[in-house]
Amino acid sequence: VALAQWNCSAEFIVPAVSPLLNRSGAAPSLSLRLSGIDTFCALRLNGEAVGPPLDSALLTHDVLIPPGILRPGPNRLVLAFSPPLAEAALRAASYPYPVPHTLYYHTWSEPSHRNFARKPQSDF
């Protein structure tokens with residue numbers, strides 16, 4: 001699981017008459033609140049990227065949905081999770097100087113550069 005890209009998706013229908021839509025039937029700017037999202041995640045709604053990529057499992061994220069992306073009828077939300085070990089290693093490699101990190105050699109996930117991933121440390 002920790003070494004693969006994962007996608008999670010949900011399809012939902014917004015009725016033509018909904019508090020999410022204004023009187024003309026269009027969606028204004030909305031906010032989607034997410035918590036407990038496992039670290040490195042990009043969101044797409046109806047094929048459009050929404051918000052910046054998420055990078056902390058320890059925060060609650062309020063993602064701005066720009067006007068017009070949510071629409072009456074069927075909608076599809078996709079959360080694309082990047083592998084945390086690979087992403088942490090990329091962030092460590094692109095940092096301007098080396099950052100010391102601990103190594104737990106009895107674990108399959110090392111070296112993990114876990115200090116570049118904002119997630120529960122027991123979850124590597």
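**Salt-bridge close-ups in a predicted model**

**View 1. Arg76 counts as partly exposed, at 37% relative accessibility.** The model shown here and in the following views is predicted. The side chain of Arg76 forms a salt bridge with that of Glu11, at 2.6 Å from N to O. Because Glu11 belongs to strand S1 (residues 6-14) and Arg76 to strand S6 (residues 73-81), this pair ties together parts that are 65 residues apart in sequence. Glu11 is exposed, its relative accessible area being 63%, whereas Arg76 falls in the partly exposed class. Strand S6, which carries Arg76, has the highest confidence, at a mean pLDDT of 96.

**View 2. Lys119 and Asp38 meet through their side chains in a salt bridge.** The N to O distance is 3.0 Å. The contact links distant parts of the chain, 81 residues apart: Lys119 is in the segment after helix H1 (84-94), and Asp38 is in the loop between strand S2 (30-35) and strand S3 (40-45). Lys119 has a relative accessibility of 4% and therefore counts as buried, the cut-off for that class being under 20%. Its partner Asp38, at 34% relative accessibility, counts as partly exposed.

**View 3. The side chains of Arg91 and Asp55 form a salt bridge of 3.4 Å, N to O.** Arg91 lies in helix H1 and Asp55 in strand S4 (residues 48-55), so the bridge ties together parts that are 36 residues apart in sequence. Both ends have intermediate accessibility: Arg91 is partly exposed at 27%, and Asp55 is partly exposed with a relative accessible area of 34%. Helix H1, where Arg91 is found, has the lowest confidence, at a mean pLDDT of 88.

**View 4. Asp55, Glu87 and Arg91 are joined in a network of salt bridges.** The Arg91 and Asp55 contact of the preceding view, at 3.4 Å from N to O, involves two members of this network. Glu87 is the further residue linked with Arg91 and Asp55.

**View 5. The structure as a whole holds five salt bridges.** Among them are the pairs Glu11 and Arg76, Lys119 and Asp38, and Arg91 and Asp55. Across the protein, pLDDT averages 86, and 90% of the residues score at least 70. Mean confidence extends from 88 in H1, the lowest, to 96 in S6, the highest.

Methods:
Residues numbered from 1 in each chain as written. Predicted model: local features only at pLDDT ≥ 70, side-chain atom pairs only at ≥ 80, totals over all residues. Heavy atoms only, no water. Salt bridge = Lys/Arg side-chain N within 4 Å of Asp/Glu carboxyl O. Helix = DSSP H or I, 4+ residues; strand = E, 2+ residues; numbered from the N terminus. Buried < 20%, exposed > 50% of the residue type's maximum accessible area, 1.4 Å probe, protein only. pLDDT = per-residue confidence, 0-100.
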